[in-house]
Amino acid sequence: SDLQNLFAATDIAVLFLDREHCVRSFTPRTDKLFGIRERDIGRPLKDLAYLVDYTKLEQDTSRVDQSLQMFEREVQSKDGTSIYLLRIKPYRTIDNRLDGYVLSFVDITDLKEKETQIAQQYGELENIYNTTPVGLSLIDRDFRWLRINDSLAEINGFSVAEHIGRTFNELLPDLDDLVSPMYNQVFETGEPVRNLEIKGETAAAPGVQRDWIADFYPVRHDGEIFAIGACVREVTEQAQMVTEVKAQNELQKLLMGELHHRVKNTLTIISSISKFLLKGVDDPAVYQERLEDRLSAIARTHDLLTVSNWTSATVSGILESESKPYQTGRGHIIRMTGPDIQLSADQAMPFGMAIHELFTNAAKYGALSVETGVIFVNTFTDVKDGVSIARIEWRESGGPKIMKAPKNRGFGSLIIERVMKEDLNAEVNIAFEKAGLTASISFEAVQSETLPLTEAPTSSYREIK
């Protein structure tokens, strides 16, 4: 009775066979696999209607005979809807003789489906770990790497194999003090830490400061945190770009302030010139012509400064720019010798105005009013009381002889003397010699890392045509 109730209560299909593979006994669940009935006891199993796809009974029982151990294999139902784990054990009598076989069929269909799902999920996880450009890792409570992907291993400067089982302090001691508290916090609170900014060096690029953004999150099993996952993104280039943008913004503010200063100075110069031009002028057309002439000179100096980002201009550059309206193709009209002195933006504007007035006067009354006239410009530098002094001498030759100096100072002389003195704190001397007008302008020279005092001096003439 006990055996009968045991068989009836068993949910596993169990089949007892003798040595010739004839049915000795079975549990009710066996009916689902072989359609077996009580009348089939004693019949060879091969004569029954197999509902499972199993054709290797003799082969498998032969293995059991040889090994006297249990043998396992997976079999499917013929319709492919079920999977069973088949276990074949030797049937032993009370006196321990081998007298057949016990076949048990355990339905593992659900288990296999779960295994398939787990395998797919694991494959997806492996694919993420292997292909993502983001660094991923898993660290246990001893801060030892359980796993790490190639991206993070490359960032750290060690192979994947070198990470496994090693601690953060062993491989990345410079970052341990920053990162370890974050791992402790996640273990203690169970809450993730996101967007942690990390700066430092690794073995992958020693001596190079790098930037990362890291997220740390708890990994649980049965409700307990057993590891911390990390997601690390290198943002070194982005951080450098942010720094550059901030620097550019600061530079832009500085340039805007400088531009405001330059425009204000230029407008002040224009205002002063316009007031000077009103003196002794009754004809609006004449006033307009004279004003446009000076504004053109200011514009030419502006062009020179724009090329250098409003840092400097040279004496030769201003001479060449201001001489263009008078270049008639008759040859070189200016001969320059001495060092080519650099002028700051603040110095270039008044100096350009002064040179313009000298050219205007030379074209009307001096060396440029005749075909044979030439202008000599000599430059000098000196140190006086520890201060570097630049001096420019203007001398006209070959023009009409000056029999006597004019009684009244002209507009050009006023511009040269007043503008140069007020804006450059310059010492200006203008003389009307018989051979032609001469002018000497001395002022403090620019000396800085960005504006060298002079270019290489030369004793030969540089001719400007």
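**Note on charges, sheet and rings**

1. The charged end of R24 sits over the ring of Y91, 4.6 Å from its centre. This is a predicted model, and every point below should be read that way. R24 has a second partner to look at: its side chain meets that of D99 in a salt bridge, 3.1 Å from N to O. R24 lies in strand β2 (residues 23–26) and D99 in strand β5 (residues 98–107), so the salt bridge ties together parts that are 75 residues apart in sequence.

2. Are R24 and D99 buried or exposed? R24 is partly exposed, with a relative accessible area of 28%. D99 is also partly exposed, at 24%.

3. Now the sheet. It is open and has 5 strands, in the order β2-β1-β5-β4-β3, with antiparallel pairing. Strands β2 and β3 (71–76) form the edges, each pairing on one side only. From one strand to the next, the twist averages 25 degrees. R24 is in strand β2, and β2 is one of the edge strands.

4. Within the sheet, look at β4 and β5. Strand β4 (residues 83–92) pairs with β5 in the antiparallel sense, over 8 bridges. For a register check, take I88: its bridge partner in β5 is L103.

5. How many salt bridges does a search of the whole structure find? The count is 14. One of them joins E170 and R166, at 3.3 Å from N to O. E170 is partly exposed, with a relative accessible area of 42%. R166 is partly exposed at 33%.

6. Another salt bridge joins the side chains of K253 and E250, at 4.0 Å from N to O. The cut-off is 4 Å. The two residues are 3 apart in helix α9 (residues 236–278), a separation of about one helical turn. K253 is exposed: its relative accessible area is 57%. Salt bridges can also share partners, and E74, K112 and E115 are joined into one network in this way.

7. The aromatic side chains deserve their own look. The structure holds 9 aromatic pairs. In one, the rings of F34 and Y50 have centres 5.0 Å apart and planes at 80 degrees, so the pair is edge-to-face. F34 lies in helix α2 (residues 31–34), and Y50 in the loop between α2 and α3 (57–67). The pair therefore ties together parts that are 16 residues apart in sequence. F34 is buried, with a relative accessible area of 1%. Y50 counts as buried too, at 17%; the limit for buried is under 20%.

8. Why is the pair of W145 and F168 called stacked? The ring centres are 5.2 Å apart and the planes stand at 25 degrees, so the pair is stacked; the limit is under 30 degrees. W145 lies in strand β7 (residues 145–148) and F168 in helix α7 (residues 168–171), so this contact ties together parts that are 23 residues apart in sequence. Both residues are buried.

9. Which residues form one aromatic cluster with W145 and F168? They are F143, Y183 and F216.

10. One last charge over a ring. The charged end of R391 sits over the ring of F380, 4.3 Å from its centre.

Note on methods
Residues are numbered from 1 along each chain as its sequence is written. This is a predicted model: local features need pLDDT of at least 70, side-chain atom pairs count only at pLDDT 80 or more; totals for chains, interfaces and linings use all residues. Side-chain values use heavy atoms; hydrogens and water are left out. Helices (H or I, at least four residues) and strands (E, at least two) are DSSP runs, numbered from the N terminus. Buried means under 20% relative accessible area, exposed over 50%, partly exposed in between (1.4 Å probe, protein chains only). Two strands pair if DSSP finds at least two bridges between them. Axes are lines fitted to C-alpha atoms, for helices over the stretch in contact, and angles run from 0 to 180 degrees between N-to-C directions. Rings of Phe, Tyr and Trp (its six-membered ring) pair if their centres lie within 6.5 Å; planes under 30 degrees apart count as stacked, over 60 as edge-to-face and the rest as tilted. A charge sits over a ring if NZ of Lys or CZ of Arg is within 6 Å of the ring centre and within 35 degrees of the ring normal.
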